[in-house]
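Welcome to a short set of exercises on reading a protein model. Try each task yourself before you look at the worked solution.

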Amino acid sequence: GDYYWVIYDALMKKDFKGAREAYENGLEHIRPGNGGREVTWTALYLRTQFQAGISDALEELKTLQEKHPAVPSLSRFVAECYMQYHEYDKAVSYFEQAVAADAEESKAQDQLKQADCLNKLKKHEEAAGILTSLAQDKRAEIRREALQNLYKTFKELEGGYLAFSVAEFLLQDNPALSNFRFELGLDYYRRKHNDLFLQHYKILLDHDPQNADSLHNFALACDLSKLPILSVASYKQASELGNTLSANNLGSQYLNAGFADEATVLLTNARKKENCVPEVQERLGEIESHRKKEAEALESQTKEASLRITFLAKYGSALLEKSPPPVNGAWMFDFGAIPLELVDGRIKGSYKAETSMSQLFNLLHAAGPKKTVQTYLFLGRLKGRACEFEIKTTRDEPGATLLAGEAKTRSKGLIVFSRDGASAELAEIKEESLSNLSVIHRLRH
């Protein structure tokens, strides 16, 4: 260890002779009879030379790696050299060789770097495959880093609830990741999920009530959630703690009439004066009433947000499982039972519901009684126990024009199947928000 830092310091100072002497002294310390460590030491020296700007060191390192492909550190060092200069394609290739040569317990760090390179190359699907596997690692630090990187990867892939479910699962696994929660809250804000934005900053403040940045964002979330008194109070507190952006927003709030605290002081003083008009007391009561209503609204909104967050965490957990549940069979939805079938990761099924037309319609059409046929087509994509689905509904009305005769609607959402395939939790997605959380069941034969 000491020899390495002598080499590093010498190379940073361009003292190439001193670096060489430290390398040879380290080599003497390793010898005799330890050829494996000697190769690794030489490779480490070459990698450090390359980092210091000695370009020829990379060719020597690659030559050494070709002679000893079974030594994983050599492939890793070459890969890191290519990463340094953003040559991610070549870095991926050498990380693959390192992983192939690694002992089982040592693969994870090389796989994390390999996934990072794949993301840099916009090969997000490949990166997601590696990270999904690492997210089930028994080591907490590997699992945490894999899930954080998987969240970023899914954001690049589709940016929606697939990514958010992984993030919520990670926070369920370790709720103390405050920096990650902070960034997740901002991501919800950017996607206009104001209730989830509000909930995460409420959690942050519950554990660190004097954090000016969290207070500022909580105030913004309250403003977006139509909780003006809470918003003004939080902006004021954040401003007093030194957040100047809060001071700016507070000024804006004052202009838009948030004045609860100031109005209370003003009216309380007015009430003490002789011949105070009765409206002053009424106004004080009105302010207190507004405070109570906002507190109730906050509780209601955060309760609903908690349910959605819990669902997303379950979806993230289900997404990471390797084996699909038994889903084939008829599932009871609110409109009827659809027989579903899983083939190659895709779930498909359809259901037709017939409704007799009114007597007036039948009287006006000599051809006899007619029926309206409503067809429901279920299309889903299953990963683990998590399913992203769409239901296409076609309504065929007799006697209507061709254009009006096939009215089509679509709904979409997420499903978390139970492991035994007997039931599932469902959430619809409307206007990019989760809604109508429910439980569906598979019918018994």
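**Exercise 1. Two tyrosines and a tryptophan**

In which helix do Tyr 4 and Tyr 8 both lie, and how many residues apart are they?

Before we solve this, note that the model is predicted: local features need pLDDT of at least 70, side-chain atom pairs count only at pLDDT 80 or more, and totals for chains, interfaces and linings use all residues. Residues are numbered from 1 along each chain as its sequence is written, and side-chain values use heavy atoms, with hydrogens and water left out.

Step 1. Find the helix. Helices (H or I, at least four residues) and strands (E, at least two) are DSSP runs, numbered from the N terminus. Both tyrosines belong to α1, residues 2–12.

Step 2. Count along the chain. Tyr 4 and Tyr 8 are four residues apart, about one turn of the helix.

Step 3. Look at the rings. Rings of Phe, Tyr and Trp (its six-membered ring) pair if their centres lie within 6.5 Å; planes under 30 degrees apart count as stacked, over 60 as edge-to-face and the rest as tilted. A search of the whole structure gives 22 aromatic pairs. One of them joins Tyr 4 to Trp 5, edge-to-face, with 5.1 Å from centre to centre and 70° between the planes. For Tyr 4 and Tyr 8 the centres are 6.3 Å apart and the planes meet at 35°, so this pair is tilted.

Step 4. Check the exposure. Buried means under 20% relative accessible area, exposed over 50%, and partly exposed in between (1.4 Å probe, protein chains only). Tyr 4 is buried at 14%, Trp 5 is partly exposed at 48%, and Tyr 8 is partly exposed at 30%.

**Exercise 2. A helix under the ruler**

Work out what span helix α13 should have, and find how many of its residues are buried.

Step 1. Recall the rule: the expected span is 1.5 Å times one less than the number of residues.

Step 2. Apply the rule. Helix α13 covers residues 212–224, which is 13 residues, so the expected span is 18 Å. Its end C-alpha atoms are 19 Å apart, which agrees.

Step 3. Turn to burial. In α13, 10 of the 13 residues are buried, so the helix is largely enclosed by the rest of the structure. Among them are Leu 215, His 216, Asn 217 and Phe 218.

Step 4. Zoom in on one residue. Ser 214 sits in α13 and is buried, with 3% relative accessibility. Contact means heavy atoms within 4.5 Å. Setting aside neighbours within four places in sequence, Ser 214 contacts Phe 182, Tyr 201, Leu 204 and Leu 205.

Step 5. Inspect the two ends. At the start of α13, a side-chain oxygen of Asn 211 comes within 3.1 Å of the backbone nitrogen of Asp 213. Just after the helix, Lys 226 has a positive phi of about 60°.

**Exercise 3. A residue in a strand**

Is Ile 415 buried or exposed, and which residues does Ile 415 touch?

Step 1. Locate the residue: Ile 415 is in strand β6, residues 406–417.

Step 2. Read its exposure. With a relative accessible area of 0%, Ile 415 is buried.

Step 3. List some partners. Not counting residues up to four places away in sequence, Ile 415 touches residues including Tyr 315, Phe 378, Phe 389 and Ile 440. Phe 378 and Phe 389 are also members of one aromatic cluster, together with Phe 333, Phe 335, Tyr 351 and Tyr 376.

Step 4. Compare chain and space. Ile 415 and Val 439 are 24 residues apart along the chain, and their C-alpha atoms are separated by 9.2 Å.

**Exercise 4. A hairpin**

How many bridges join strand β7 to strand β8?

Step 1. Two strands pair if DSSP finds at least two bridges between them. Strands β7 (residues 423–430) and β8 (residues 433–442) run antiparallel and are joined by seven bridges.

Step 2. Match a pair across the strands: Ile 429 stands opposite Leu 434 in β8.

Step 3. Visit the turn. The hairpin has two residues between its strands, and Glu 431 there takes a positive phi near 50°. Glu 431 is exposed at 80% relative accessibility.

Step 4. Find another positive phi. Asn 436 lies in β8 and has phi near 50°, a positive value in a residue other than glycine. Asn 436 is partly exposed, at 43%.

Methods. Polar contact = N/O pair within 3.5 Å; in protein donor to acceptor, adjacent residues only side chain to side chain.
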